[in-house]
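Me: Please take a close look at the charged side chains of this model and at how they are placed. I should like one connected account that also sets them in the context of the whole chain.

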Amino acid sequence: MLALLRDPRVAKLPRFAVLAAAIYLISPVDLLPDFAVPIVGWLDDATLIWMALRWLSRAGDDVEKAGQLDIPTARRIDQKP
């Protein structure tokens, strides 16, 4: 995931969504407070992080299918090591 966050060929919006979700996770402001509704409050945080990471992963898959990115190394496939 870190390689996908750093790669400029991956779309900016999914990368921004992951960063925004991480900020939301550590932020004291919450849509559903964890202390008021414990289980549901944690689930909304987990769901938001999961959705953002899934979007980033799919954006990386789109780049990989286009033949531009080697996911494990985050290098161009046609590049020499």
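Reply: Of the 81 residues of the protein, 23% count as buried. The model is a predicted one, and its mean pLDDT is 79, with 79% of the residues at 70 or more. The protein contains three helices and zero strands, so that its pattern along the sequence reads α-α-α. Among these elements, confidence is lowest in helix α1 (residues 2-6), with a mean of 83, and highest in helix α2 (residues 12-26), with a mean of 91.

The charged side chains may be taken up with the salt bridge. A search of the whole structure finds one such pair. The side chains of R9 and D7 meet in a salt bridge, with a nitrogen-to-oxygen distance of 2.8 Å, which falls within the 4 Å cut-off. The two partners differ in burial class: D7 has a relative accessible area of 4% and is therefore buried, the limit being under 20%. R9, at 28%, is partly exposed, because this value lies between the limits of 20% and 50%.

R15, a residue of helix α2, presents another case. R15 is buried and yet has no salt bridge. The nearest side chain of opposite charge is again D7, at 6.6 Å; R15 and D7 are therefore not counted as a salt bridge, since the criterion requires a nitrogen-to-oxygen distance within 4 Å. A polar atom of the R15 side chain does, however, lie 3.5 Å from the backbone oxygen of V10. D7 thus enters the description twice, as the partner of R9 in the salt bridge and as the nearest opposite charge to R15.

Helix α3 (residues 38-65) holds I39, which brings the account to the nonpolar surface. I39 has a relative accessible area of 56% and is exposed, because the value is over 50%. I39 also belongs to a nonpolar surface patch of about 700 Å², made together with L31, L32, V37, V40, W42 and L43.

S57 is also found in helix α3. With a relative accessibility of 25%, S57 counts as partly exposed. The C-alpha atom of S57 is separated by 7.3 Å from that of M1, although the two residues are 56 apart along the chain.

Note on methods:
Residues numbered from 1 in each chain as written. Predicted model: local features only at pLDDT ≥ 70, side-chain atom pairs only at ≥ 80, totals over all residues. Heavy atoms only, no water. pLDDT = per-residue confidence, 0-100. Helix = DSSP H or I, 4+ residues; strand = E, 2+ residues; numbered from the N terminus. Patch = residues over 30% accessible without salt bridge, like charges linked within 9 Å, V, L, I, M, F, W, Y side chains within 5 Å. Areas by Shrake-Rupley, 256 points an atom, 1.4 Å probe, with all protein chains shown as cover. Buried < 20%, exposed > 50% of the residue type's maximum accessible area, 1.4 Å probe, protein only. Lys, Arg positive; Asp, Glu negative; His and termini not counted. Polar contact = N/O pair within 3.5 Å; in protein donor to acceptor, adjacent residues only side chain to side chain.
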